[in-house]
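Trainee: Could you take me through one part of this model slowly? I would like a close look at the second largest pocket and the sheet beside its lining.

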Amino acid sequence: MNIAPALRIEPLTEPRMPDFAAVVNPNHREKHCWCLSHRLSAQEIRDRGGESRYEAMCSLSREKIAPGVIAYLDGEPVGWCSIAPRAQIPRLQNSKLIRPVDEVAVWSIICMVVRAGYRRRGVNRQMVLGALDYAKSLGAPAVEAYPVDPEGRMDLTMAFVGTRKMFEEAGFEVVGVSDALASRLPRLIMRKML
């Protein structure tokens, strides 16, 4: 059953942090991913959140540009898409493996997560469209993603990068191939001009 048309996509603001946690880290495990490693160094995480990575992410959710969007189904948070200007994602900006293809000030989608029970129902595709709308509303000229092109099902541990097919369905085109790998597959550089 495709639930995507019923989804509501909202930027991650501080009041929505419990919803973000419900998607990416429902047990609030401190060592579990909080979608910070591409954005903040270990010292910046400590500076912003003390001993709490959750609090460090809260600090990002208070900034003018939200660190991503959350998908809701009937008020229930079901997905997360990390999107921001590439220039605000230091690990990506400084990457030797996923280099810029030109001087366009792109925004980048670096992670997507859908809660168990809601996967394979169109959530990711709708989140991408919502992320595009959010970026466009803030003046982004283009959005990039760095997915893989698997022959079959994607290894779930690396599914956060997305697939070529999913991004093509949202209007993205391949503009390059990076030197980065996910599940031993090359990560493509895909872009949608806004």
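Mentor: Happy to. A definition helps before we start: two strands count as paired if DSSP finds at least two bridges between them. Keep in mind too that this is a predicted model.

With that rule, seven strands form an open sheet in the order β1-β2-β3-β4-β5-β7-β6, and the pairing is mixed. At its edges sit β1 (7-11) and β6 (173-182), each of which pairs on one side only. On average, neighbouring strands in this sheet are turned by 25° against each other, direction ignored.

Now look at β3 and β4. Strand β3 covers residues 76-85 and pairs with β4 in the antiparallel sense, over seven bridges. One bridge you can find by eye joins A84 to its partner S108 in β4. Helix α1 packs on this sheet and touches β2 (68-73), β3 and β4. The direction of α1 makes about 100° with that of β3.

This brings us to the pocket. The second largest pocket has a volume of about 420 Å³. Its lining takes in 23 residues, and those closest to its centre are V24, H32, C33, C111 and V113. Both α1 (17-24) and β4 (107-114) supply at least two residues of this lining. So far as residue classes go, the lining divides into 14 nonpolar, five polar and four charged residues.

To put the pieces together, α1 touches β4 as it packs on the sheet, and α1 and β4 each contribute to the lining of the second largest pocket.

How values were computed:
Residues numbered from 1 in each chain as written. Predicted model: local features only at pLDDT ≥ 70, side-chain atom pairs only at ≥ 80, totals over all residues. Heavy atoms only, no water. 1 Å grid on protein atoms, 1.4 Å probe; cavity = no way out; pocket = protein on both sides within 12 Å on 5 of 7 lines; lining within 4 Å. Points joined across faces, edges and corners; volume = space filled by probe spheres on them. Helix = DSSP H or I, 4+ residues; strand = E, 2+ residues; numbered from the N terminus. Axes fitted to C-alpha atoms, helices over the stretch in contact; angles between N-to-C directions. Contact = heavy atoms within 4.5 Å.
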